[in-house]
Amino acid sequence: MLRENLNEVEQRIEAACRRCGRSRSEVFLVAVSKTKPVEMLQEVYGEGVRDFGENKPQEIKEKYPQLPQDIKWHMIGHLQRNKIKYIIDKVCMIHSVDSLRLAEAIDEEAAKHGIVMPVLVEVNVAKEESKYGIMPEETEAFIRQLSTLQHICVQGLMTIAPFTENAEDNRVHFRNLKKLYVDIKAKNIDNVNMCNLSMGMTGDYEVAIEEGATMVRVGTGIFGERFYGSSQSR
């Protein structure tokens with residue numbers, strides 16, 4: 001099942017790239033493996049996937065020693081400052097930076113390990129009250145604040161678009177985030193490398209690609225529905 005799911009996702013990514021005149025190599029697939037058992041990750045790994053996204057530091061901490069070391073782990077969920085220490089030496093990127101206090105805490109932990117952590121700024125592009133993220137009009141000023149930190153490097157923007165039955169409803173949000181991304185990139189802010197636009201999930205990643213996503217985060221489309229009652233969900 002997982003092989004078939006992954007093949008379908010790949011075909012859809014390629015088709016979306018063709019529709020908007022982009023190369024498949026411009027879009028990065030992160031397999032969102034939150035709540036899924038190690039056995040399923042191993043199967044997807046066997047199909048060539050190396051980038052996995054998790055929502056909770058505890059899951060990364062548990063899965064990390066059980067899986068091959070060439071996996072690149074992405075922290076894509078809301079991150080609490082007191083949990084940074086569990087993942088700072090395990091993840092390749094933190095997608096969900098949405099406050100200066102969080103960024104400073106990441107910077108501090110990264111300094112202890114002598115690394116520079118790539119991060120994305122989470123933007124609440126649809127201005128939903130229930131979502132985390134910086135407001136679009138505050139994003140540039142926020143990034144300028146982060147650019148002064150020595151042990152993180154802002155590498156782009158991320159958003160979680162509204163849940164909708166019709167992916168077309170989110171096109172306007174993806175388009176707006178792409179415009180914001182391009183505007184900030186043009187400023188050439190020191191210590192900021194705007195090269196990643198992480199937007200689009202199982203329900204809307206094709207529209208996100210058409211609007212310029214460089215990273216899509218696909219979970220259910222690969223692994224199937226999540227089961228939150230398992231031990232992995234804690």
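Trainee: Why is K127 called partly exposed in this predicted model?

Mentor: Its relative accessibility is 46%. Buried would need a value under 20% and exposed a value over 50%, so K127 falls in between.

Trainee: Where does K127 lie, and what makes its backbone worth a look?

Mentor: K127 lies in the loop between β5 and α6 (139–146). Its phi is positive, about 55°, although the residue is not a glycine. Most residues other than glycine have a negative phi.

Trainee: Which phi does T35 have, and is T35 buried or exposed?

Mentor: Phi of T35 is near 70°, again a positive value in a residue other than glycine. You'll find T35 in the loop between β1 (28–32) and α2 (38–46). With 3% relative accessibility against a limit of 20%, T35 counts as buried.

Trainee: On to the cysteines. How do you know that C92 has no disulfide partner?

Mentor: The closest cysteine sulfur, in C195, is 12 Å from the sulfur of C92. A disulfide needs the two sulfur atoms within 2.5 Å, so that is too far for a bond. C153 is in no disulfide either: the nearest cysteine sulfur, again that of C195, is 7.6 Å away. The count of disulfides for the structure is 0.

Trainee: Are C92 and C153 buried or exposed?

Mentor: C92 has 29% relative accessibility, which is between 20% and 50%, so C92 is partly exposed. C153, at 13%, is under 20% and therefore buried.

Trainee: How many aromatic pairs are there?

Mentor: The structure holds 1. The partners are F52 and W73, with ring centres 6.1 Å apart and 40° between the planes.

Trainee: Why is the pair of F52 and W73 called what it is, rather than stacked or edge-to-face?

Mentor: First, 6.1 Å is within the 6.5 Å limit for a pair. Stacked needs planes under 30 degrees apart and edge-to-face needs over 60, so at 40° the pair is tilted. The pair links distant parts of the chain, with F52 in strand β2 (residues 51–54) and W73 in strand β3 (residues 72–75), 21 residues apart. Both rings belong to buried residues, because F52 has a relative accessible area of 0% and W73 has 1%.

Trainee: What makes R50 and K90 count as charges over a ring?

Mentor: R50 lies over the face of Y45, 3.5 Å from the ring centre. The charged end of K90 sits over the ring of Y64, at 5.6 Å from its centre. Both distances meet the 6 Å limit.

Trainee: Which residues touch the most other members of the largest nonpolar core?

Mentor: F52, I106 and L157, in a core of 67 residues. Helix α1 (residues 2–19) gives this core its largest share, 6 residues. Take I106: leaving out residues up to four places away in sequence, I106 touches L79, I84, I88, I94, V97, M117 and I152.

Trainee: Why is strand β5 called mostly covered?

Mentor: In β5 (residues 117–122), 6 of 6 residues are buried. M117, V119 and V121 point one way, and P118, L120 and E122 point the other way. In a regular strand the side chains alternate between the two faces of the sheet.

Trainee: How do you know that β4 pairs with β5?

Mentor: Strand β4 (residues 91–97) is joined to β5 by 2 bridges, and the strands run parallel. At least two bridges are needed, so the pairing holds. I94 has V119 as its bridge partner in β5.

Trainee: What makes Q155 buried?

Mentor: Its relative accessibility is 17%, which is under 20%, so Q155 counts as buried. Q155 is in strand β6 (residues 152–158). Neighbours within four places aside, its contacts include P118, V119 and L120, as well as C195.

Trainee: And V216, why is that residue buried?

Mentor: V216 has 0% relative accessibility, so the 20% limit is met. V216 belongs to strand β8 (residues 215–218). Its contacts beyond four places in sequence include V27, F28, L29 and V30.

Trainee: How far is V216 from I84?

Mentor: Their C-alpha atoms are separated by 23 Å, and the two residues are 132 residues apart along the chain.

Methods. Residues are numbered from 1 along each chain as its sequence is written. This is a predicted model: local features need pLDDT of at least 70, side-chain atom pairs count only at pLDDT 80 or more; totals for chains, interfaces and linings use all residues. Side-chain values use heavy atoms; hydrogens and water are left out. A nonpolar core is a set of buried Ala, Val, Leu, Ile, Met, Phe, Trp, Tyr and Cys residues joined through side-chain atoms within 4.5 Å. Buried means under 20% relative accessible area, exposed over 50%, partly exposed in between (1.4 Å probe, protein chains only). Helices (H or I, at least four residues) and strands (E, at least two) are DSSP runs, numbered from the N terminus. Contact means heavy atoms within 4.5 Å. Rings of Phe, Tyr and Trp (its six-membered ring) pair if their centres lie within 6.5 Å; planes under 30 degrees apart count as stacked, over 60 as edge-to-face and the rest as tilted. A charge sits over a ring if NZ of Lys or CZ of Arg is within 6 Å of the ring centre and within 35 degrees of the ring normal.
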